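Q: Please take a close look at one part of this structure, then work outward from there. Short sentences are welcome, and each term should be explained once.

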Amino acid sequence: MRRAVLIAVPYFWLLALFLIPFAVVFKISLSDIALAIPPYTPTAKDGIWTMLSQLDFENFVFLTQDDLYWKAYVSSLQIALISTVLTLLVGYPMAYAMARAPEQWRPTLLMLVILPFWTSFLIRVYAWVGILSGEGFLNQFLLWIGIIDAPLTILNTNIAVYIGIVYTYLPFMILPIYSALDRLDGSLIEAAEDLGCSRIRAFWLVTIPLSRNGIIAGCFLVFIPALGEFVIPSLLGGSGTLMIGKVLFEEFFSNRDWPVASAVAVILLLILIIPIVLFQRNEQKQVEDGS
Amino acid sequence: MAETVFAPWDDPTEKPLIRFRNVTKRFGDFTAIDDLTLDIFEREFFALLGPSGCGKTTMMRMLAGFENPTEGAIELAGQDIAGVPANKRAVNMMFQSYALFPHLTVWDNIAFGLRRESKDKAAIAARVEEMLKLTRLEKFARRKPHQISGGQRQRVALARSLAKAPKLLLLDEPLGALDAKLREATQFELMDIQEKTGTTFVIVTHDQEEAMTVASRVAVMDEGRVMQVSTPERIYEAPDSVYVADFIGDVNLLHGTATPSGDETYAVTWSANEAPVQAASTRSFSTGQTCHLAIRPEKVAIYKDKPEADNAVQGKVLDIAYLGNLSTYHVELPTGDIIKAQVANTRRISRRDFTWEDPVWVSWSKTAGVLLAE
């Protein structure tokens, strides 16, 4: 009995915080837009059976008819993918340097990585507007040292979005990789060198494969939120930056079309869940093959 | 036995495989190795023995190429190897932690070094199979390191370091993680493999029994210096310093002054109230020179009545350490000194002749002890 209660607690939270909200969103995505509060119909007030009988997949069909939606999905995937790779390229060397730093420095370095979280994410992204704009610090600096003659247009382009995502999600990449590298036994690298590897080969053959789990975790932690990112593309991106998070926001708040917005969210969730499930299944298989 | 004894160190024409020449290694202010000169010969099983922090691991790391000497030179087969990186040396190391690659199977771990030499696939496979057979690991080739036992991991580490047929194999506390029974079995296995492959082995250990069992020669180290290099028998029977006598095995030390009392024999005055004891020594001492007489407990006999012997001292049993096969009697002399006498328990314990507080005589012959100046 006590055991059942103990096990029930985490399942209750899972139900309350994930499954019920998802069921609500899914239900709205199957409803129709209405001028009412809440702005959709049918609702549970109409009676459960009436409500269920009026649900349909109209909104999902609509998403396939207007090419805005699939273009936004593809563009988001592309931006999320490129920024994840960029974050990995920036984050891995940082995590590596941290893991190789003298023991007494590491807590400080770790602190520095976490420090940005102490200020609001919105303010930090907004600060980049000041850095990247035409009269911003970056352009002024580049003009001053004479590399460029005219200010670069960075703000309101996809480049600014990449910079914003890399900057914002860097800690999420660094922390799991750092923890994987920190656990790495230094004698493994020595063993690889002893067996004839150069430093670089030892890195490729031992360090990278052994930090693989950290890399994967970091990439997921960056890719997933970047895919649905809304604040960064709205503040730093331009009119040409098409991201599904922005589309979702507009459907929800500008058009007040909750059913379509919910359908967009459900598809976004599926885009994320399906590859993750496939990936985990593959991992499971590999582990089983190994034993 | 017509077989010639393996003793290249006694042959002046023999060229050593490894030569430490006045090697000093400092880490900041700390001197890990202090002006060390040492020769190690081909096919030797050489043990570096000492307490932790004595510099034995530093010596090994210098041989492997992970550290370079601050001063002096290390030669491998006549070549100075300072500056040659670890991956270019014909030296392989078996790590204390084994350092097996957790993401690779046993087979791939053993093949790791061979693949770096870009040998063809068939040659690598043949060599790996040979190593698996040598270490009796054929059944575990497809397993990952975390799926095998500690003893098996130890053998994988050995197979991996031997796969490239190095001129010199370094073993850093190779048996430290094994339990006592397995350790003993593995010691003989190591000796067997060393003999089969003809590789020169240098083993680092703090376990003197292990060093004595496996090694052809043992270097006893302390604070970055080599105290004595010799065969295990000579290290045990003829230590040349009090440190070595005390470090290896158990020993009774009597402090006194020497007086020549015949041909290579000295009378050692060790107490004002007791008669001097006789000790034979090839080392010469002048009259009145301070000396230490080191006697192994198993060379001390214990009696109820005064025996006919070169040296006999009376005392009483203070303590008995029962070790199963042996018992060590701690006998307190009237001077307060304690002499340990070790006796094989050839009879059942209920028939023990001596018990606590019994007055007894301890005795030893004049050749039993070693007379040391320092």
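What follows starts with the contact between chain A and chain B and then moves out into each chain.

A: A word on the basis comes before the details. The model is predicted, so local features need pLDDT of at least 70 and side-chain atom pairs count only at pLDDT 80 or more, while totals for chains, interfaces and linings use all residues. Residues are numbered from 1 along each chain as its sequence is written, and chains are lettered from A, ligands numbered from 1, in the order in which they are written.

Two residues are in contact if their C-beta atoms, placed from the backbone, lie within 7 Å. Chain B brings 19 residues to the contact and chain A brings 16. On the side of chain B that touches chain A, β6 (91-94) and α2 (106-116) each supply at least two residues. The largest share there is three residues, and α2(B) provides it. By type, this side of chain B holds nine nonpolar, six polar and four charged residues. Here Ala, Val, Leu, Ile, Met, Phe, Trp, Tyr, Cys and Pro count as nonpolar, Asp, Glu, Lys and Arg as charged, and the others, Gly among them, as polar. The element names come from DSSP runs numbered from the N terminus: helices are H or I with at least four residues, strands are E with at least two.

Now take helix α9 (residues 186-194) of chain A. Its buried residues are A:L188, A:E190, A:A191, A:A192, A:E193 and A:D194. Buried means that 20 or more other C-beta atoms lie within 10 Å of the residue's own; exposed means 12 or fewer, and partly exposed is in between, with C-beta atoms placed from the backbone. Both chains help to cover these residues: the cover includes α10 (199-210) of chain A, together with α1 (56-64) and β6 of chain B. Just after α9(A), A:G196 takes a positive phi of about 110°.

Next come the cores. A nonpolar core is a set of buried Ala, Val, Leu, Ile, Met, Phe, Trp, Tyr and Cys residues joined through C-beta atoms within 7 Å. The largest has 104 residues, and those with the most contacts inside it are B:A47, B:L63, B:L170, B:V202 and B:V220. Leaving aside neighbours within four places in sequence, B:L170 is in contact with B:M60, B:L63, B:A64, B:V91, B:M93, B:M94 and B:V202. A second, separate core has 45 residues, including A:M98, A:L170, A:A180 and A:I232.

Step back to chain B. It has eight helices and 20 strands. Its C-alpha trace spans about 75 × 50 × 50 Å along its principal axes. Of its 374 residues, 40% are buried. Three domains divide the chain: domain 1 (1-90 + 171-249), domain 2 (104-165) and domain 3 (250-372). Those bounds come from an automatic or database domain assignment. The centres of domains 2 and 3 of chain B, taken over C-alpha atoms, are 52 Å apart.

Two residues of chain B have a positive phi without being glycine. B:D35, in strand β2 (residues 30-40), has phi near 45°. It counts as partly exposed because 14 other C-beta atoms lie within 10 Å. B:R136 sits in the loop between α3 (121-134) and α4 (150-162), with phi near 55°. It counts as exposed because it has 12 C-beta neighbours inside 10 Å.

Chain A has two helices to trace end to end. Helix α1(A), residues 2-29, has 28 residues that should span 40 Å, and its end C-alpha atoms are 39 Å apart, which agrees. The expected span is 1.5 Å times one less than the number of residues. There is a kink of about 40° centred on A:L15. Such a bend is the angle between axes fitted to the seven residues ending at a residue and the seven starting there. α1(A) is hardly covered, with two buried residues among its 28. Helix α4(A), residues 67-100, should span 50 Å with its 34 residues, and 49 Å between its end C-alpha atoms agrees. A kink of about 25° lies at A:G91, shortly before the proline A:P93.

Two cis peptide bonds finish the tour. One joins A:I37 and A:P38, with omega about -10°; A:P38 is in the loop between β1 (32-33) and β2 (40-41). Another joins A:T41 and A:P42, with omega about 0°; A:P42 is in the loop between β2 and α2 (48-54) of chain A.
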